[in-house]
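Got a two-minute slot for some label-checking? Let's go through a few terms and see whether the values back them up.

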Amino acid sequence: MSVIYLVLPLALLVVGAAVAAFAWAARRGQFDDLDTPALRVLHEDHIPPRSKRSGTDAGD
Amino acid sequence: MPAAVTEAPHRQRETLGSASRTGCAHCGLPAAPRSRHEAGPLFCCDGCATAFSVLQEAGLTQYYELRERRPVAVRLNGRRYDEFAHPAFESQYVQTQPDGARHVELFIEGVHCAACVWLVERLPLLLPGVLRAELQVSRSLATVEWDPARTDLPAIARALSTLGYPPHPFRGVKREAIRRAADRAALLRIGVAGAIAVNVMLAALAMYSGWLHDGMERSLERYFRWISLVLSLATLAGPGRVFFAGAWAAVRARTLHLDLPIALALGAAFARGSINTIVDRGPVYFDAVALLVFLLLIGRYLQQRGQRLTADASELLASLTPNAALVRQPDDSTRELPLSALLPGMIVVVRPGDTVPADGVVLEGDSSIDSALLTGESRPQRAMAGTPVFAGTINVAGTLIVRVDRAGEATRVAEILHRVEESANRRAPIVILANRMAGYFVAIVLLLALVTLGIWWSHDPAGAVDHAIALLIVTCPCALAMATPLAVTVAVGRAARRGILVRGGDVIEALATPGTLLLDKTGTLTHGKLTLIQWEGPEWVKPFVLALERDARHPVAAAFQAAWPDMTAPNAVDVCHVPGAGVVGSVAGRAVLVGSPAFAASRGVEGVRSPADAGTPVVVAIDGVATAFAGFADTLRGDSAASVQRLRAEGWCVRILSGDDRAVVERVARTVGVARDDAIGGASPEAKLHEVERLRIAAREPVVMVGDGVNDAAAIAAASAGIAVHGGAEASLASADVYLGRPGLTPLLELTEGARRTMRIIRRNIAFSLTYNALGVFLAMAGLINPLIAAILMPVSSITVLLASWYGRSFERAPAGARQ
């Protein structure tokens with residue numbers, strides 16, 4: 001059973017990574033609008049990307 | 001999105017000229033075959049033709065394949081949107097980003113499906129210089145970024161308007177950033193608390209399994225306990241900090257808030273668990289702590305979201321109100337300026353149908369002014385050179401040139417709004433049932449903990465402390481804290497789907513017990529506009545009347561249009577409007593006159609008489625002979641009398657509080673069945689406010705004010721529950737707790753019924769949670785509680801409350817018999 005002393009911290013590290021990913025997504029505004037992206041995905045063509053790199057996000 | 005918001009654009013749709021089999025190539029409405037577009041596709045109007053050609057040129061015709069519904073016909077409003085580039089506008093709505101790009105949020109009319117998203121987001125293709133356009137379809141909110149060197153906001157606004165999406169600046173933009181940050185933070189807290197709760201519970205599961213069998217290895221158990229301790233500390237110090245902050249704020253304000261017992265229980269459980277971990281014996285409660293933080297945060301998030309939705313909807317409605325004035329320059333050209341840039345001395349042009357932008361005096365023009373929203377008067381007043389006019393009133397007939405005397409904060413409407421704010425601040429908040437109970441709850445739990453300690457002390461001092469702490473933990477008011485927010489959130493969400501926007505759950509309690517209900521007359525009990533109530537004359541005259549009145553904005557014209565919506569009319573020529581009198585013109589070679597009897601007589605019409613019934617009389621003359629007579633009045637809404645009766649049956653004391661003429665108010669009171677003494681007419685905004693305040697002090701029951709105008713706004717803000725009805729002024733909307741998004745008083749009945757049902761669910765929830773707590777108290781005092789029982793009892797009570805709130809019927813069905 002001693003392997004659990006190693007596995008448990010590892011599992012918590014994975015959880016930590018998941019939480020960090022969630023925090024990143026929430027801070028980037030991924031959960032701000034849950035309706036429109038579902039419609040946008042139906043459009044086949046793509047809008048030309050912004051000429052300058054969009055470093056700032058709408059809500060930050 | 002509530003129906004109220006998306007409905008506005010459809011209202012503009014007007015009856016079109018002679019219909020043909022072929023539809024407009026853009027919107028599908030009947031298109032008139034005209035010489036201009038004979039070769040190509042047909043259009044119903046120039047607006048649609050422009051939108052069609054813009055899409056063709058930009059290669060965006062895919063729009064017509066994507067759309068699910070036909071687009072709303074494009075009405076060219078001829079606006080240049082100059083005010084969108086004014087410094088006053090920019091400082092209020094436009095942000096500059098670090099890379100120099102400008103950023104704005106616009107509320108867009110006419111958005112309804114995926115094709116709209118597609119088209120609006122192709123804006124960078126249509127207009128070079130636009131860097132990004134993104135549309136939130138659920139809120140009709142577009143985020144646009146552009147390069148100020150290559151294009152400007154008026155050009156963007158014109159482009160959107162040409163496509164059939166008139167843009168408006170989003171009024172809530174300042175609060176939006178704060179809110180978005182709060183939303184993300186709340187979501188983050190839930191995510192962290194959830195991850196921790198699941199892991200602590202996994203550890204707890206392992207320990208319970210060991211505990212139920214022959215016991216776990218001591219060192220392994222110690223290891224699990226320490227890991228749980230560290231995780232619980234993380235959840236309390238991170239996401240759970242909000243409860244301690246809330247409790248501390250309550251202590252400092254010397255009030256009892258539900259955060260207080262929650263913080264107490266979380267703190268006690270964690271402290272006891274930590275001590276037991278360190279001394280390595282006795283129960284730890286870490287699983288309960290972690291799960292509690294998670295569940296409570298979810299409850300709080302749901303509550304916040306429900307309030308957010310209604311706040312959003314009313315802000316979007318507010319964004320629709322005009323915010324530009326047409327200012328005449330010294331060189332006689334006109335320019336659109338934002339309202340905030342108006343100064344005394346400026347000359348503004350007020351077109352028919354426009355809202356007067358400032359207080360001032362008419363210099364030129366002859367028209368009628370509808371001040372129903374400002375004063376409650378139901379009849380338009382004549383306005384000529386020299387007549388003072390007030391901001392917030394509506395110009396109904398001809399163009400007026402007005403000299404601004406007072407603008408912005410100095411106007412009469414601003415003064416009224418100031419009073420609205422004052423009375424809203426002065427209003428005593430309703431202490432909701434759950435918070436009232438929290439006080440008793442804390443006292444009783446603390447008392448019982450002391451009693452437990454006292455009883456057990458003589459037998460077993462160490463055990464006594466354990467039992468007292470177990471009691472504190474097991475009675476943690478998780479379910480009690482969720483009982484009200486959950487029920488209210490579910491009810492508010494369902495009400496919104498029925499077009500009733502409820503802001504803040506506390507009004508639900510005020511509406512659940514019948515008290516005094518004050519109703520405004522104009523616009524609330526009545527339609528607030530003229531309706532054709534009488535027509536004496538042959539059928540064939542009607543198209544002639546409509547030909548003259550089709551494009552006019554006068555109330556009489558609007559009443560004719562509304563009375564015969566599907567009728568097609570020939571074209572009229574030489575149309576001449578005489579403000580305050582009538583209109584003359586030539587239709588199919590015959591001279592037609594529609595106007596007041598006095599006007600008809602002055603034009604030498606034969607056979608003029610007034611129709612028998614009361615109301616505003618109108619004479620129709622063809623070739624100088626009076627052929628038809630029409631009567632107009634501000635009629636009662638169809639459901640007013642029945643609704644008032646039902647409200648009285650429910651136990652409400654229904655009264656009328658109106659700014660209109662006393663005689664008119666008394667006549668309406670008689671019709672809907674309100675006693676003469678309970679109908680107050682000629683009340684100024686101040687008098688309305690005083691009446692509400694007097695009643696709130698005199699009666700110990702709730703006072704509800706229902707109204708639509710600026711003149712009602714202060715009274716609405718001062719009432720226990722203020723309700724704004726469909727089509728009301730922005731001010732009444734801003735001060736009201738509830739907005740009825742459908743016309744008539746039927747939604748009001750649904751609201752009171754729904755409020756009663758919601759309160760029933762809240763009481764049931766509280767009863768549930770108190771039963772669980774009583775059970776817990778009994779077990780703890782008997783010394784029978786152990787961590788497993790605590791861990792089962794608490795989530796089960798929360799989940800019961802959650803399910804009961806979700807399945808409880810609040811606004812699900814319309815009340816029996818009240819359906820239209």
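What follows is a short back-and-forth on the contact between the chains, some aromatic pairs and a few buried residues in this predicted model.

Q: What makes A:Asp32 and B:Arg184 a salt bridge?
A: The closest N and O atoms of A:Asp32 and B:Arg184 are 2.5 Å apart. The cut-off is 4 Å between a side-chain nitrogen of Lys or Arg and a carboxyl oxygen of Asp or Glu, so the label applies. The count between chain A and chain B is one salt bridge. Polar contacts across that interface come to five residue pairs, both partners being at pLDDT 80 or more.

Q: Which elements of chain A give two or more residues to the side that touches chain B?
A: Those are helix H1 (4-27) and helix H2 (36-40) of chain A. H1(A) supplies the largest share, with 11 residues. Sorted by class, that side of chain A has 16 nonpolar, six polar and 11 charged residues.

Q: How many residues does each chain bring to the contact, and how much area do they bury?
A: Chain A brings 33 residues and chain B brings 37. Between them they bury about 3200 Å², with 61% of it on carbon and sulfur atoms. Lost accessible area is a figure often used for the size of an interface.

Q: On to the rings: why is the pair B:Phe270 and B:Phe286 called tilted?
A: A search of the whole structure turns up 11 aromatic pairs over all chains. For B:Phe270 and B:Phe286, the ring centres are 5.9 Å apart and the planes sit at 55°. Centres within 6.5 Å make a pair, and an angle that is neither under 30 degrees nor over 60 is tilted, so the name follows. B:Phe270 is in helix H11 (residues 259-279) of chain B and B:Phe286 in helix H12 (residues 286-319) of chain B, so the pair ties together parts 16 residues apart in sequence.

Q: How do you know that B:Phe270 and B:Phe286 are buried rather than exposed?
A: B:Phe270 has a relative accessible area of 15%, and B:Phe286 has 1%. Buried means under 20%, so the word applies.

Q: What makes B:Phe560 and B:Phe632 edge-to-face?
A: Their ring centres are 5.1 Å apart and their planes are at 85°. Anything over 60 degrees goes under edge-to-face, so that settles it. B:Phe560 belongs to helix H21 (residues 555-563) of chain B and B:Phe632 to strand S22 (residues 625-633) of chain B, so this pair ties together parts 72 residues apart in sequence. B:Phe560 counts as buried at 0% relative accessibility, and B:Phe632 is buried with 0% too.

Q: Which residues form one aromatic cluster?
A: B:Tyr81, B:Phe84, B:Phe89 and B:Tyr93.

Q: Why does B:Arg272 count as buried, and what does it touch?
A: Its relative accessibility is 11%, and the cut-off is under 20%, so buried is the right word. B:Arg272 lies in helix H11 of chain B. Leaving out residues up to four places away in sequence, B:Arg272 touches B:Tyr285, B:Val465, B:Asp466 and B:Ile469.

Q: And what share of chain B as a whole counts as buried?
A: Of its 820 residues, 56% do. Chain B has 29 helices and 27 strands. Among its contacts between residues at least 6 apart in sequence, 69% join residues at least 24 apart.

Key. Residues are numbered from 1 along each chain as its sequence is written. Chains are lettered from A and ligands numbered from 1 in the order in which they are written. This is a predicted model: local features need pLDDT of at least 70, side-chain atom pairs count only at pLDDT 80 or more; totals for chains, interfaces and linings use all residues. Side-chain values use heavy atoms; hydrogens and water are left out. Contact means heavy atoms within 4.5 Å. Buried area is the accessible area (1.4 Å probe) that two parts lose on being put together, summed over both. A polar contact is a pair of N or O atoms within 3.5 Å; within protein, one must be able to donate a hydrogen and the other to accept it, and residues adjacent in sequence count only if both atoms are side-chain atoms. Helices (H or I, at least four residues) and strands (E, at least two) are DSSP runs, numbered from the N terminus. Ala, Val, Leu, Ile, Met, Phe, Trp, Tyr, Cys and Pro count as nonpolar, Asp, Glu, Lys and Arg as charged, and the others, Gly among them, as polar. Rings of Phe, Tyr and Trp (its six-membered ring) pair if their centres lie within 6.5 Å; planes under 30 degrees apart count as stacked, over 60 as edge-to-face and the rest as tilted. Buried means under 20% relative accessible area, exposed over 50%, partly exposed in between (1.4 Å probe, protein chains only).
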